[in-house]
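I opened the model today to look up a few sites. My notes are kept short.

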Amino acid sequence: MRRGISLAEPMPRRPDMPPLERSALADDPVEQFREWYDRAAQEVPLVDAMTLATVDADGAPDARMLLLKGFGPEGFRFFTNLESAKARQLRANPRAALILYWRELDRQVRIRGTVEKLPVDADDEYFATRPAAARIGAWASPQSEPLPDRETLDARGREVTERFPDEEVPRPEFWGGYVLRPERIEFWQGQAARLHDRFVYRREGQGWTIQRLAP
C-alpha cells in the first residue's frame, strides 16, 4: 500500500519561525540583512562565514569560504591577498556572488553585484585590527601559489616574525580589501515540505524592487 504524501514533512530546522511575509521585510535590503545578521549573531558560532563565488578570465567559476568583514549602504566587505587566485579573477571579471548560510536559523542570504577595490586607508585600518599572528600570516603566505612542503611555509612565518619582532607588523602592499556593491539580494527562510520562503531585492535606479520567488 502506497503511503500518502504529507506536506507536513520534512520539518524545517526552526519550526518556530513563522512564514516570511513581504510586510515583515524592510524596504532596503541592507537594513533587512542587518536585522537577520543581528539575530544570527546571537545563535550562529561563525556568523561571518560566507562563500565568495567568482569567474576567471576563461569563464570558469570558482568559490571559496572566507569572512565578511563589514557591511553597510556601500556594500559588503572582505579582505585577501591581492595576488591570490580570487584577486586575479576579480581583476579579470569584477563581478561576484556571496552566500551566507545560517544553519541554526535555517536561513540564507544570496548576494550578487560588482566588486571594487577598497582604498588603502581602509586596508590599513582593518589590517591594524588583526591579531599579530594573522598579520604575520598575511606576509608569510604566497596565497594560491604552489609550495614544496609545509616546512617552507613555516620557515616563511619564522622569517617574518624575526623581521618584525615587536609585533608592529605593517600591512604588505599585496594585501587589501574589496567591497561588493549589491545589485540583487535574496533572503531565504526554510519552511516545511521544502516550500521555503524566498524574497529577492533587485536594484532599480536608486531604489529596490521586492518580489517573492517560488522555492
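These entries cover two side chains and one hairpin in a predicted model.

**Entry: arginine 64**

I looked up arginine 64 first. I found arginine 64 in strand 2, residues 61-67. Is arginine 64 buried or exposed? Its relative accessible area is 17%, so I log arginine 64 as buried, the cut-off being under 20%. I then checked its side chain for polar partners. One polar contact runs to the side chain of aspartate 62, at 3.3 Å. Another joins arginine 64 to the side chain of glutamine 89, at 3.1 Å. Glutamine 89 also appears in the contact list of arginine 64, which leaves out residues up to four places away in sequence. That list further holds Met50, Thr51, Leu52, Ala53, Thr54 and Lys86.

**Entry: serine 84**

Next I went to serine 84. I place serine 84 in the loop between strand 4 (75-81) and helix 2 (85-92). Relative accessibility is 0%, so serine 84 counts as buried. Which side chain does serine 84 meet in a polar contact of 3.5 Å? I found the side chain of threonine 80 there. With neighbours within four places in sequence set aside, I noted contacts of serine 84 with Gln143 and Ser144.

**Entry: the hairpin**

Last, I traced strand 8 (residues 197-204) and strand 9 (residues 207-213). I count seven bridges between strand 8 and strand 9, and the pairing is antiparallel. Arginine 198 sits opposite leucine 213 of strand 9. Two residues lie between the strands of this hairpin. I checked the backbone of glycine 205 there and noted a positive phi near 65°.

How values were computed: Residues are numbered from 1 along each chain as its sequence is written. This is a predicted model: local features need pLDDT of at least 70, side-chain atom pairs count only at pLDDT 80 or more; totals for chains, interfaces and linings use all residues. Side-chain values use heavy atoms; hydrogens and water are left out. Two strands pair if DSSP finds at least two bridges between them. Helices (H or I, at least four residues) and strands (E, at least two) are DSSP runs, numbered from the N terminus. Buried means under 20% relative accessible area, exposed over 50%, partly exposed in between (1.4 Å probe, protein chains only). A polar contact is a pair of N or O atoms within 3.5 Å; within protein, one must be able to donate a hydrogen and the other to accept it, and residues adjacent in sequence count only if both atoms are side-chain atoms. Contact means heavy atoms within 4.5 Å.
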